[in-house]
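Biologist: Can we go through this model together? I would like to start with the ligand.

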Amino acid sequence: MSKLLIVGTVAFDAIETPFGKTDKILGGAGTYIGLSAANFDIDSAVVSVVGDDFPHEYLDLMKNNNIDIEGIEVVKGGKTFFWSGRYHNDLNSRDTLDTQLNVLADFNPVVPNNYKDSEYVMLGNLHPLVQLSVLEQVEKPKLVVLDTMNFWMDNTPQDLDKVIAKVDVITINDEEARQLSGEYSLVKAARKIAEMGPKYIVIKKGEHGALLFHEDQIFHAPALPLEEVFDPTGAGDTFAGGFIGYLARTNDISFENMKNAVIYGSNLASFCVEKFGTERMQKLSREEVNERLHDFKKLTHFETKLD
Ligand code: AMP
């Protein structure tokens, strides 16, 4: 069985959408990625840091979802990373209201010994130097996927460049791809980002799906048109967790299989947005996931006769 090592924030989030508002709830890129990858029968561990204000129930919840939490450090007297955001009416864009790094500010990640030989590494959104440090502790990964966001492009661009140069796949959203490359066309943006290092570029477009680029090839996965979207927080991380979880499960990193991985990522992300925070991802059944895969197939299947 493949091993998946995940690094990312484990956090408190406060979210406002047109449908409501939450106080501090469980969030963080590492949390969403872990919960998403838990849908595949693989060994996965999250490396992160929290303060001792972080409830035990949240750690238990991750453990009960088969996530190894040995690599989550609890800092005595420390405060957990906090993020708060407000979504616009279209739910496709949001403003960050607050980012408090807290214990993340001087985090030295330690990869658990039995995950140093992980074949798959997911560098979830967090300080690029922390991502690099995790990568350096893994012996010989087969595939490294990086997720990041505008916050790190604005604040630590040189460090970000260093980590981008070392990964196989990058997943970012369309706005971030444009910021990182300075190109408006996503095709040109992907080409420029490929020159920075990654051989595969996944550009997430919220309710418009995702694009996978590799050399001159492009694959498009739709997002499932949903009746109810409550809270898009974590959709990108859930997508990434589904993407790498599927690759780790099938242990096949060909471009053809990455197309399936993009569909799995979109599929899992479609559940994430149906409830606030991680709620929907905590109680997801295999049957629900499989049923929705059929919907994805139907959505894009057509037969046209070409002369
Ligand atoms: P997503 O909606 O997929 O972009 O991810 C949202 C999650 O990212 C939230 O649960 C936040 O806790 C986390 N997050 C927000 N800002 C940052 C940041 N600067 N670094 C790391 N994680 C963040």
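Biologist: How many nonpolar, polar and charged residues are in the shell around the ligand?
Modeller: The shell has nine nonpolar, seven polar and three charged residues. Ala, Val, Leu, Ile, Met, Phe, Trp, Tyr, Cys and Pro count as nonpolar, Asp, Glu, Lys and Arg as charged, and the others, including Gly, as polar. This is a predicted model, where local features need pLDDT of at least 70, side-chain atom pairs count only at pLDDT 80 or more, and totals for chains, interfaces and linings use all residues. Residues are numbered from 1 along each chain as its sequence is written, and side-chain values use heavy atoms, with hydrogens and water left out.

Biologist: Which residues come nearest to the ligand?
Modeller: Asp13, Gly28, Arg94, Gly234 and Asp237, out of 19 around the ligand. Being near takes a heavy atom within 4 Å.

Biologist: Where does Asp237 touch the ligand?
Modeller: An N or O atom in the Asp237 side chain is 2.7 Å from a ligand oxygen atom. A polar contact is a pair of N or O atoms within 3.5 Å.

Biologist: Which elements give two or more residues to the shell?
Modeller: Strand E2 (11–17), helix H4 (150–155) and helix H8 (235–250). H8 gives the most, three residues. Helices (H or I, at least four residues) and strands (E, at least two) are DSSP runs, numbered from the N terminus.

Biologist: New topic. Which residues of helix H5 are buried?
Modeller: In H5 (residues 157–164), Asp159, Leu160, Val163 and Ile164 are buried, meaning under 20% relative accessible area (1.4 Å probe, protein chains only).

Definitions and conventions:
Polar contact = N/O pair within 3.5 Å; in protein donor to acceptor, adjacent residues only side chain to side chain. Buried < 20%, exposed > 50% of the residue type's maximum accessible area, 1.4 Å probe, protein only.
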